[in-house]
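Subject: Model for your files

Hello,

Here is the structure for you to look over. My notes are below it.

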Number of protein chains: 2
Amino acid sequence: MSLLERLSFNQITADPWSLEQAVRNCSQSGIPYIAVWRHKLDGDVKKAAAMIRNEGLRVSSLCRGGWFSAPTAKERRERIADNRVAIEEAAILGAPVLVIVSGPANGQTLEDARATVSDGLMEVLPDAEKAGVILGVEPLHPMYAAERSVVVTLKQANDIVQRLNSSSAGVVIDAFHVWWDPEVMLQIERARGKIVGFHVSDWPVPLPGILMGRAMMGHGVIELRRLRQAVDATGYDGPIEVEIFNEEVWKSADTGLLQQTQQRFLEHVG
Amino acid sequence: MSLLERLSFNQITADPWSLEQAVRNCSQSGIPYIAVWRHKLDGDVKKAAAMIRNEGLRVSSLCRGGWFSAPTAKERRERIADNRVAIEEAAILGAPVLVIVSGPANGQTLEDARATVSDGLMEVLPDAEKAGVILGVEPLHPMYAAERSVVVTLKQANDIVQRLNSSSAGVVIDAFHVWWDPEVMLQIERARGKIVGFHVSDWPVPLPGILMGRAMMGHGVIELRRLRQAVDATGYDGPIEVEIFNEEVWKSADTGLLQQTQQRFLEHVG
């Protein structure tokens, strides 16, 4: 089986495209999976689900739930409610995984914010179990600790998932977020049986920006093949998402992007 | 004793100043320590040492040694030789600590580069012991893994220092580099007796840039007081360096900067 059969195009890689454009383009390029973002659903999840199904694509994951920490109890309740909606949306889309980005400290101490994340996950876990959706806890690179995620290492994500102790809880490993970690290989092995997503892109030198700095595979220093092999060695054989936040890529997003993605994916991940 | 008696001004905070300007300004402001950068020494270390002594200042550390990894064996030998020079310079300046920034992978794999760093430190350790200088291994934030340092966590630095097993090897803890780490408190405690430097600045939100993004204490989200108290609780009572890379700070660097530094230091670290 070619690794291309596991390729999933994360639609944020071509942010200017509508969901329908992204799905059609993937379908025409023979890309079997798409990862969907909630803000692209335009409020009609069933319609989106039908359109994706009709084009013959499968959804690898829905981005995203999480963002549990907030300064007030009221806002924290709203976050929980929003996560329940996201779980429902994932189920309707047939997405096996809801990607969880935990959110920043957001007015709490780091320690309190981390506890809020664990509590939030515990609270929505029964909903995920009932819906048959897996909460995929994704550690973000520590440079996002202040703005996006207090969960910053795979060890931390593994610890959380271990405590959740449910078939509806797993980890999502994004190479861009974890490649630097001296413990990454150890923690990938520790995640055996709990890996529910693997994302690739690359870390260019110099990094052009914190948020929009990711590069196409092969344009950076991440040992992607080695990480992919380590993930596969745990028995993971699910979709591999290409997820690139890069304004240059967005500007030039046409169907050539998908061909390039396939080629780079084979060359640097395969 | 006021915490101001432990304040060290890292001269990179006012990069436009010459070493002599920085020393005079610190002396006039009653700042007892300065941290010196090698590229500011202008080739005459003895003269610099005498000037600093005459102004009544002490040197908290010399920045920097390290940068061990290189693509060829020849270059790696040159790095070792340069570290020996840096150790001599630190001794002449009366700097108890040479700060070690390990360097990026630089053409090696992460794993090989990390081994090169450990080997390099082991090789120059006898020189440091003879000179009475401590090699202060400083983990850098993981966002610098590709460009500056393959040593990215305090755990890693502690592991290295444990293996070096010498009174001439310790760790330097910079709040900006370690604050995000779920294990930071554990690793600070583990570093007991081996902490040879503590640096402060702040992490603003949003971070304006990877290299020049650091802020004055109080303009960011780092729990500086809590980290300082944890470091002190291990028995560390040495200098605390203010080290801020920020072009805006550089542009407005006048003697008001030192007064602001003292005030912010007391308010947010004390």
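The notes cover confidence, the strands at the start of chain B, and the nonpolar core.

This is a predicted model, in which local features need pLDDT of at least 70 and side-chain atom pairs count only at pLDDT 80 or more, while totals for chains, interfaces and linings use all residues. Residues are numbered from 1 along each chain as its sequence is written, with chains lettered from A and ligands numbered from 1 in the order in which they are written.

Chain A has an average pLDDT (the predictor's confidence in each residue, from 0 to 100) of 96, and 100% of its residues score at least 70. For the complex, the predictor gives an ipTM of 0.95 and a pTM of 0.96.

Helices (H or I, at least four residues) and strands (E, at least two) are DSSP runs numbered from the N terminus; strands pair if DSSP finds at least two bridges between them. In chain B, S1 (residues 7-10) runs parallel to S2, joined by three bridges, and Asn10(B) has Ala35(B) as its bridge partner. S2(B) is also parallel to S3(B) (residues 58-66), through five bridges, with Ala35(B) opposite Ser61(B).

Four of the five residues of S2(B) (residues 33-37) are buried (20 or more other C-beta atoms, placed from the backbone, within 10 Å of their own), so the strand is largely enclosed by the rest of the structure.

The largest nonpolar core (buried Ala, Val, Leu, Ile, Met, Phe, Trp, Tyr and Cys residues joined through C-beta atoms within 7 Å) has 179 residues; Ile34(A), Leu98(A), Ile34(B) and Leu98(B) have the most contacts inside it.

Regards

Definitions and conventions: A residue is buried if 20 or more other C-beta atoms lie within 10 Å of its own, exposed if 12 or fewer, and partly exposed in between; C-beta atoms are placed from the backbone.
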